[in-house]
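Trainee: I am new to this structure and would like a close look at one part of it. Could you pick a single strand and walk me through its surroundings?

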Amino acid sequence: MAFKLVLVTGASSGIGAATAKLYAARGARVLVLARNEAKLDKVAAAITRDGGAASPYAVDLADPSAIAETSARITREAGTPDILINNAGAGRWLPLLETSAEEALAMIEVPYLAAFNLTRAFLPEMIARRTGAIACITSTGSYVAWPNASAYIAARHALLGFAESLRADLRRTGLTVTLVVLGEVETPYWQHNPGSREHMPKSNPILAPVLTPEQAAQAIVQGVERGQRRVVKPAILRALFLLNALAPGLVARQLRHTVKKP
C-alpha cells in the first residue's frame, strides 16, 4: 500500500507521535491530531526538521462537533486521508466505585466514539474511491478482563466491536480495517493516569516485554501495510487470548492473583 496521506490521532506523544514520525520517514504526508496544541506543534516541527511533511490539527476528539469541523477543514486543506489511524485513547484503570460517571463517559468518548465519529466523517469518500485503510489501536483489555479496570475494559471492548463490525460493513469495498492490540507500552499515559499501573496485571518481562513507542509504531505501520485483520504485539499475547477463549475461568483466576496492589 502506498503511503500518501496519513491521519494519526493521539499524535502529541507516545505511540501516536512515533507512528506519525515513522509514516513521515517512509514518505507520507501526515496529519497529526490531538488536544494539546503545543505538544502537537512540536511533533509536527520535528517531522519537518527531519525532512518529512506534517500538518497539525488541534482538536478535542471527545467533542463530535469539533470532529465534524476539523474533518471538514482537513478535507478542504489536504483531502481525504488514505490511511486513518485511530490511536487516541483515554482512561484510568480504577475500581468501579472509584470511577466517576464522568470518567466512565470520557473513556467511551475516547477511544470509541472518537474513532466512530472520525471514521464516519471520512468514510464516504474512502468508499467512493474504493481504496484506503483504517486502523484502531487498542490494548489487551479488548480481549481479557482483570479486576479494578471495569470502565476501561468496557471501552476497549466497544472499540473491538466497532473495528470488527466496520470490517464486515466494508467487505468488497477495497478498504481494509486493522485492529492493533498492544501490550504494555512505555508512554506518558502512565504519568497522565495515576493509579493505572498499580491496577494492571503483573507480566513476565521475558514472555511479554514492555514495548517502546517505536516498536508499537512499527507494528502498526506493518500491519496496515499488509492489510492484516489483527496485529498483536508482543506476539506471545496470542497464546493468552487463545487460553482465555478456551478457559476463561482459568485466566480470570490467574489475573486476580497477579494484579499489582496499589
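Mentor: Happily; here is a tour of one strand, its partners and the helix that follows.

Two notes before we start. This is a predicted model, in which local features need pLDDT of at least 70 and side-chain atom pairs count only at pLDDT 80 or more, while totals for chains, interfaces and linings use all residues. Residues are numbered from 1 along each chain as its sequence is written, and side-chain values use heavy atoms, with hydrogens and water left out.

For the setting, the chain has 9 helices and 7 strands; these are DSSP runs numbered from the N terminus, with helices being H or I of at least four residues and strands being E of at least two. Of its 262 residues, 50% count as buried, where buried means under 20% relative accessible area, exposed over 50% and partly exposed in between, using a 1.4 Å probe and protein chains only.

Our strand is β4, residues 83-86. Ile 83 and Ile 85 point one way from β4, while Leu 84 and Asn 86 point the other way. All of these residues are buried.

Now look at the strands that pair with β4; two strands pair if DSSP finds at least two bridges between them. One partner is β1 (residues 5-9), which pairs with β4 in the parallel sense over 3 bridges. Here Val 6 of β1 has Ile 83 as its bridge partner in β4. Another partner is β5 (residues 132-139), which runs parallel to β4 and is joined to it by 4 bridges. In that pairing, Leu 84 has Ile 134 of β5 as its bridge partner.

Next, follow the chain onward. β4, helix α4 (residues 101-129) and β5 make a right-handed β-α-β unit, meaning that, with the strands pointing away from the viewer, the path from the first strand over the helix to the second runs clockwise.

Helix α4 also packs on helix α5 (residues 150-169), at an angle of about 15° and with their axes 7 Å apart. Axes are lines fitted to C-alpha atoms, for helices over the stretch in contact, and angles run from 0 to 180 degrees between N-to-C directions. That angle makes α4 roughly parallel to α5, a label for angles under 35 degrees. The contact (heavy atoms within 4.5 Å) includes Ala 104, Met 107 and Tyr 112 of α4, and Ala 151, Tyr 152 and Phe 162 of α5.

Note on methods
Angles under 35 degrees count as roughly parallel, over 145 as roughly antiparallel, 65 to 115 as roughly perpendicular and the rest as oblique.
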